[in-house]
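Q: Please take a close look at one part of this chain, beginning with a single residue and working outwards to the elements around it. I am new to this structure, so please explain each term as it comes up.

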Amino acid sequence: MIRLAKTTDLPYIVSLANKESLCLGFIPKIAYESAITGIKKGKRWSDTCNDKLFVCEENNDLVGFVMFSYGSIAKCNQICIQQDARLITRGKALLSAGVTHGNLIGIEDFGCGCADDLPSNFFWSQMGWVRVGERKGISCKNTWIETSKRKINLYRYQTNSLFTNNFGMILPKENQHIAL
């Protein structure tokens, strides 16, 4: 079962993220908390947090989580399933929850990064995400400066913003205009 995370899930999420830090990178506990509550703390230009955190629950036990940031392009920040519960269906269900939420708020373009040395690159390609480039890793100081030598593959996923009918014509969404 996939559901939105609750603050009572934080100890599990932080513990799993710490165990898998080589694969996930570092996100501070306060960021997970903000994704749950929708409120950013500290001196920021806005108190609103556009991130969402979903968890996967099996037999009343948490087995994984996914965190998305929603902007003009939604970003899958982290997705993780504990070692003894790894099945592609659980990862797919978590990913689907994040994408579906994005679609419900009007976002149809998604991105993520995955270190080149991780087997999870197979997961992203199996989920239909397309590798569109690469960059170097970002330092743990959250400066957005590519200071690591680790190669990060960049993936994109797009849901349909325009619909194609059987005649190959592209039909815009209602009240959307296409410049010719």
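A: Asn59 is exposed, with a relative accessible area of 73%, where exposed means over 50% relative accessible area, buried means under 20% and partly exposed lies in between, with a 1.4 Å probe and protein chains only. This is a predicted model, in which local features need pLDDT of at least 70 and side-chain atom pairs count only at pLDDT 80 or more, while totals for chains, interfaces and linings use all residues. Residues are numbered from 1 along each chain as its sequence is written, and side-chain values use heavy atoms, with hydrogens and water left out.

Asn59 sits in the loop between E2 and E3, and Asn60 belongs to the loop between E2 and E3 as well. Asn60 is exposed too, at a relative accessible area of 71%. Most residues other than glycine have a negative phi. Asn59, however, has a positive phi near 50°, and for Asn60 the value is positive again, near 65°. A positive phi also occurs at Gly38, which follows H3 and has a value near 80°.

The strands on either side of this loop are E2 (residues 51-58) and E3 (61-69); helices (H or I, at least four residues) and strands (E, at least two) are DSSP runs, numbered from the N terminus. Both strands belong to an open sheet of seven, whose order is E1-E2-E3-E4-E5-E7-E6 and whose pairing is mixed; two strands pair if DSSP finds at least two bridges between them. At the edges of the sheet are E1 (2-4) and E6 (130-136), each of which pairs on one side only. From one strand to the next, the twist averages 30°. E2 meets E1 in the antiparallel sense over three bridges, and Cys56 in E2 is the bridge partner of Ile2.

Two helices cross this part of the sheet. H1 (residues 10-19) lies across E2, E3 and E4 (74-81) and runs at about 80° to E3, while H3 (residues 29-37) lies across E2, E3 and E4 and runs at about 90° to E2; axes are lines fitted to C-alpha atoms, for helices over the stretch in contact, and angles run from 0 to 180 degrees between N-to-C directions. The buried residues of H3 are Tyr32, Ser34, Ala35 and Ile36, and they pack against H1, E2, E3 and E4.

E2, E3 and E4 are among the elements that give two or more residues to the largest nonpolar core, a nonpolar core being a set of buried Ala, Val, Leu, Ile, Met, Phe, Trp, Tyr and Cys residues joined through side-chain atoms within 4.5 Å. This core has 27 residues, and those with the most contacts inside it are Phe68, Cys76, Ile79, Leu95, Trp124 and Trp129. Leaving aside residues up to four places away in sequence, Cys76 touches Val66, Met67, Phe68, Leu95, Gly111, Cys112 and Trp124, with contact meaning heavy atoms within 4.5 Å. Apart from this core lies another, of 18 residues, among them Leu10, Leu24, Tyr32 and Phe65.

Aromatic rings of Phe, Tyr and Trp (its six-membered ring) pair if their centres lie within 6.5 Å, and planes under 30 degrees apart count as stacked, over 60 as edge-to-face and the rest as tilted. By this rule the count comes to eight aromatic pairs. One of them joins Phe68 and Tyr70, whose ring centres are 5.7 Å apart and whose planes lie at 15°, so the pair is stacked; both Phe68 and Tyr70 are buried. Another joins Trp129 and Tyr157, with centres 5.4 Å apart and planes at 15°, so this pair is stacked. The Trp129 and Tyr157 pair links distant parts of the chain, 28 residues apart, with Trp129 in the loop between H5 and E6 and Tyr157 in strand E7. Trp129 is buried, at a relative accessible area of 4%, whereas Tyr157 counts as partly exposed at 25%. Phe68, Tyr70, Trp129 and Tyr157 are included in one aromatic cluster, along with Phe110, Phe123, Trp124 and Tyr155.
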